[in-house]
Amino acid sequence: MTDNVSLTADADNFYSLGLTYYSGENGEQDFNRALEAFSKASEWGNENAMFYHGLMNFRGIGIKEDYKTAFEMFKKAAELGNVEALFSIGLMYLTGKGVEENEDTALKFFQAAAMQGNARAVYMMGVVIGNRIANVNVEELMRILLENSDAMNYLSEDRKKKFQQDALE
């Protein structure tokens, strides 16, 4: 048990060191040292270090962009519960960077992050769903709404009448 406590403390210390170099808060911003520290802390299971390791690879911060490594690190961090990693995987699926573009999969990851309080994930869900709605045929949307009584329950009486009139024209 002492070894696990020691490794956790070491991982946390290396993660903190990585943040210090990443941000330059000690006056010395050094992305190479930050990546080394995040890498070591990641090996020892620090989910936040895994996220930053992935982020540096994804954005090419101090190194060449490497989407494969970014995805692997985000995935490991997400499996340990890192919400930012969930969000980042969603972005990768949305943009097709390092993975096959897939809006449905992106939405699943955004939803998982949103359920844990990530406001950016909620926003991105709105963007993706909003884009889908904008591309929907209005007549088809009205038909679906008219056929789905549950959906119609959310509309005001005036809106229901307008939809019904438009559908009949």
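Q: A residue is called buried under 20% relative accessible area, exposed over 50% and partly exposed in between. How does G98 count?

A: The model read here is a predicted one. G98 has a relative accessibility of 48%, a value between the two cut-offs, and therefore counts as partly exposed.

Q: Where does G98 lie, and with which residues is G98 in contact?

A: G98 belongs to the loop that runs between α5 and α6. Once neighbours within four places in sequence are set aside, its contacts are Y67 and M92. A residue can also be located by its distance from a distant part of the chain. G98 and F58 are 40 residues apart along the chain, and 8.9 Å separates their C-alpha atoms.

Q: What is the secondary structure of the protein chain?

A: The protein chain has 10 helices and 0 strands. Its pattern along the sequence is accordingly written α-α-α-α-α-α-α-α-α-α. Of the 169 residues in the chain, 34% are buried. Contacts can be sorted by separation in sequence: of those between residues at least 6 apart, 38% join residues at least 24 apart.

Q: How is the length of a helix checked, and what does α4 show?

A: The expected span is 1.5 Å times one less than the number of residues. Helix α4 covers residues 67–79, and its 13 residues should therefore span 18 Å; the C-alpha atoms at its ends are 18 Å apart, which agrees. For the 13 residues of α5 the expected span is again 18 Å, and the end C-alpha atoms are 19 Å apart, which also agrees.

Q: Which residues of α4 are buried, and what covers them?

A: The buried residues of α4 are A70, F71, M73, F74, A77 and A78. Their cover includes α2 (31–43), α3 (47–59) and α5.

Q: What is the relative accessible area of A70, and which residues does A70 touch?

A: A70, a residue of helix α4, has a relative accessible area of 0% and is therefore buried. Leaving out residues up to four places away in sequence, A70 touches G54, N57, F58 and M92. A further distance helps to place A70: its C-alpha atom is separated by 9.9 Å from that of K97, 27 residues apart along the chain.

Q: At what angle do α4 and α5 pack, and which residues make the contact?

A: A pair of helices is described by the angle and the distance between their axes. For α4 and α5 the angle is about 140 degrees and the axes are 8 Å apart. Their crossing is left-handed. On the α4 side the contact is made by Y67, A70, F71, F74, K75, A77 and A78, and on the α5 side by A85, L86, S88, I89, M92 and Y93. Sorted by class, the contact of α4 with α5 has 11 nonpolar, 1 polar and 1 charged residues.

Q: How many residues of α5 are buried, and against what do they pack?

A: Of the 13 residues of α5, 10 are buried, so the helix is largely enclosed by the rest of the structure. They are V83, A85, L86, F87, S88, I89, G90, M92, Y93 and L94. These buried residues pack against α3, α4, α6 and α7.

Q: At what angle do the axes of α5 and α6 cross, and which residues meet?

A: An angle over 145 degrees counts as roughly antiparallel. The axes of α5 (residues 83–95) and α6 (residues 103–114) cross at roughly 165 degrees and come within 8 Å. The two helices are therefore roughly antiparallel to each other, and their crossing is left-handed. From α5, the residues V83, L86, F87, I89, G90, L91, Y93 and L94 meet E103, T105, A106, F109, F110, A112 and A113 of α6. The residues of this contact comprise 12 nonpolar, 2 polar and 1 charged.

Q: At what angle do α5 and α7 pack, and which residues meet?

A: Under 35 degrees, helices count as roughly parallel. Helix α7 (residues 119–134) packs with α5 at an angle of about 20 degrees, with the axes 10 Å apart. That makes α5 roughly parallel to α7. The crossing of α5 past α7 is left-handed. An α-helix has 3.6 residues a turn, so residues three or four places apart point the same way. In this contact, E84, F87, L91 and L94 of α5 meet R120, A121, M124 and V128 of α7. The classes are 6 nonpolar, no polar and 2 charged.

Notes:
Residues numbered from 1 in each chain as written. Predicted model: local features only at pLDDT ≥ 70, side-chain atom pairs only at ≥ 80, totals over all residues. Heavy atoms only, no water. Axes fitted to C-alpha atoms, helices over the stretch in contact; angles between N-to-C directions. Helix = DSSP H or I, 4+ residues; strand = E, 2+ residues; numbered from the N terminus. Parallel < 35°, antiparallel > 145°, perpendicular 65-115°, else oblique. Left-handed = near helix turned anticlockwise from the far one by under 90°. Contact = heavy atoms within 4.5 Å. Nonpolar A, V, L, I, M, F, W, Y, C, P; charged D, E, K, R; others polar. Buried < 20%, exposed > 50% of the residue type's maximum accessible area, 1.4 Å probe, protein only.
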